[in-house]
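This report describes one chain, its domains and its ligand site. The sequence and structure come first.

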Amino acid sequence: MGLVVIADSDVRFCRRLRSLLESEDGVRCDEVRTLEEASALLPLRRPDVLVLGPSIAPAVALEFAEALKPGSTVAVVLVSSEESTDLLRRAMRAGVHDVVPMDQQFGEVVRAVQAAMTTAGSRLEEPRAVPAPSRGRVVTVFSTKGGVGKTVISCNVGVALAKSGLKTVLVDLDLQFGDVGIMLDLAPERTIFDAVQSFERLDAEMLRGFLTQHSSGLQVLLAPVHPEDAEVVTVNRITAIIGLLSKIADVVVIDTSAALDDVVLAAIDSSDAIYAVATMDVASIKNVRVSLQKLAQMGYDHELIRLVINRADSKVWLDPGEAERTINAPVVAELPSDRLVPRSVNRGIPVVLDAPRSGVAHALGGLAKNIAAGCEEVSSSVA
Ligand SMILES: Nc1ncnc2c1ncn2[C@@H]1O[C@H](COP(=O)(O)OP(=O)(O)OP(=O)(O)O)[C@@H](O)[C@H]1O
Ligand SMILES: [Mg+2]
């Protein structure tokens with residue numbers, strides 16, 4: 001599978017090139033309109049080829065390519081309406097793989113991208129010298145079954161991480177029925193819908209303005225208020241928004257809906273770890289196993305999966321060890337069933353604050369530690 005990111009403000013250019021490239025088996029393209037979006041997307045998607053389109057001024061494109069150079073594995077193809085030996089020389093110095101003129105048939109452009117992809121493929125054989133971008137850890141809380149506790153877990157680990165001093169952002173990606181705002185008792189004055197509305201101008205600083213602060217210090221990007229507003233929150237925009245958030249936070253926790261749709265896949269694509277939630281019943285464990293198998297078929301790395309057993313003490317079925325073997329992923333937390341949880345949900349106060357000494361709060365704190373363990377310098381700071 002080859003991944004190409006096409007950057008250009010001209011939608012027609014992007015669409016046309018995309019359809020030509022994707023007509024080949026095993027090629028997928030992402031489109032971005034600005035270089036800002038491209039820089040948010042690159043560390044997350046790690047494409048093989050980046051096409052910088054003709055609407056980007058050559059000097060700006062070269063500066064961008066130059067900045068990518070240290071340690072980057074992406075092959076940059078520059079499409080330019082300007083042709084000069086000076087441009088070629090500067091492009092070479094900037095580490096650009098190829099410069100091609102813009103032609104109406106796109107023939108040269110397609111050939112250059114395909115050639116760059118082959119080079120990128122052989123480069124993958126080498127150990128990946130992926131630059132260590134300074135970005136926070138992104139984790140997705142996942143289950144295609146509803147009501148297993150994803151939102152309870154996301155809110156509580158979000159609060160526990162924030163209380164430990166980590167800059168933490170919780171994203172409610174259950175775009176139609178998100179209830180993070182209710183569980184944390186936050187008024188949805190600004191939501192992801194507003195962030196997407198301003199997308200063309202959006203940068204990390206502006207995105208901060210769309211976050212809602214919880215008393216624990218946790219910052220929350222709330223779901224749209226009206227379910228129909230979810231439609232404008234497209235996958236590329238979500239990916240770019242997560243990329244921007246990871247630049248301003250130590251940890252980004254993503255709560256998802258009970259689905260395996262493009263939105264959830266975008267979250268998973270951007271994540272360093274996926275916390276799959278199951279309850280202790282056969283249907284739930286089977287559901288997790290099947291959805292993880294689907295993810296593996298789509299090429300997702302099973303190594304990123306961690307298992308969280310919620311309501312682990314419900315004496316219904318198997319022991320966590322059996323769940324671990326069935327799903328073939330480590331169980332990193334077992335959360336007991338406790339009436340304190342629905343009580344805290346009704347109060348709009350996460351149980352880690354409402355009943356911090358309870359067993360369930362301790363177990364959620366342990367899960368937060370596991371998440372923080374991925375953020376090197378700060379791992380020891382979660383209480
Ligand atoms: N450990 C627990 N003990 C007792 N009740 C729990 C526990 N975990 C979750 N619940 C209850 O289960 C209900 C569903 O939890 P939650 O909304 O977090 O699930 P979800 O997976 O996010 O569901 P959906 O897929 O519909 O968004 C909550 O109202 C909560 O009170
Ligand atoms: Mg939920």
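Is Arg 357 buried or exposed? In this predicted model, Arg 357 has 6 other C-beta atoms within 10 Å. A residue counts as exposed if that number is 12 or fewer, so Arg 357 is exposed. Arg 357 sits in the loop that runs between α15 (351-354) and α16 (359-372). Asp 8 is 349 residues away from Arg 357 along the chain, and the C-alpha atoms of the two are separated by 53 Å.

**Overall form**

The chain contains 16 helices and 13 strands. Its C-alpha trace spans about 70 × 45 × 40 Å along the principal axes. For 383 residues, a compact globule would have a radius of gyration near 21 Å; the chain has 22 Å, and so agrees with that expectation. Of the 383 residues, 46% count as buried. When contacts between residues at least 6 apart in sequence are considered, 74% of them join residues at least 24 apart.

**Two domains**

The chain is divided into domain 1, residues 2-124, and domain 2, residues 137-381. Their C-alpha centres lie 34 Å apart. Where the domains meet, 10 residues of domain 1 are in contact with 9 residues of domain 2. On the domain 1 side, β2 (27-32) and α2 (35-45) are the elements that give two or more residues. The most come from α2, which gives 6 residues.

**Ligand site**

Ligand 1 is surrounded by 19 residues, the closest being Gly 146, Gly 149, Lys 150, Thr 151 and Pro 342. Both α6 (150-163) and α14 (340-347) supply at least two residues each to this shell. The table sets out the residue classes of the shell and of the domain 1 side that touches domain 2.

| Group of residues | Nonpolar | Polar | Charged |
|---|---|---|---|
| Shell around ligand 1 | 8 residues | 7 residues | 4 residues |
| Side of domain 1 that touches domain 2 | 4 residues | no residues | 6 residues |

**Helix α6**

How many residues of α6 are buried? The helix is mostly covered, with 13 of its 14 residues buried. At 1.5 Å a residue, the 14 residues of α6 should span 20 Å, and the end C-alpha atoms are 20 Å apart, so the length agrees with the expected value. After α6 comes Gly 165, which has a positive phi, near 105 degrees.

Terms used
Residues are numbered from 1 along each chain as its sequence is written. Chains are lettered from A and ligands numbered from 1 in the order in which they are written. This is a predicted model: local features need pLDDT of at least 70, side-chain atom pairs count only at pLDDT 80 or more; totals for chains, interfaces and linings use all residues. Domain bounds come from an automatic or database domain assignment. Two residues are in contact if their C-beta atoms, placed from the backbone, lie within 7 Å. Helices (H or I, at least four residues) and strands (E, at least two) are DSSP runs, numbered from the N terminus. Ala, Val, Leu, Ile, Met, Phe, Trp, Tyr, Cys and Pro count as nonpolar, Asp, Glu, Lys and Arg as charged, and the others, Gly among them, as polar. A residue is near a molecule or strand if its C-beta atom, placed from the backbone, lies within 6 Å of it. The expected span of a helix is 1.5 Å times one less than its number of residues. A residue is buried if 20 or more other C-beta atoms lie within 10 Å of its own, exposed if 12 or fewer, and partly exposed in between; C-beta atoms are placed from the backbone. The radius of gyration is taken over C-alpha atoms; the globule rule is 2.2 Å times the number of residues to the power 0.38.
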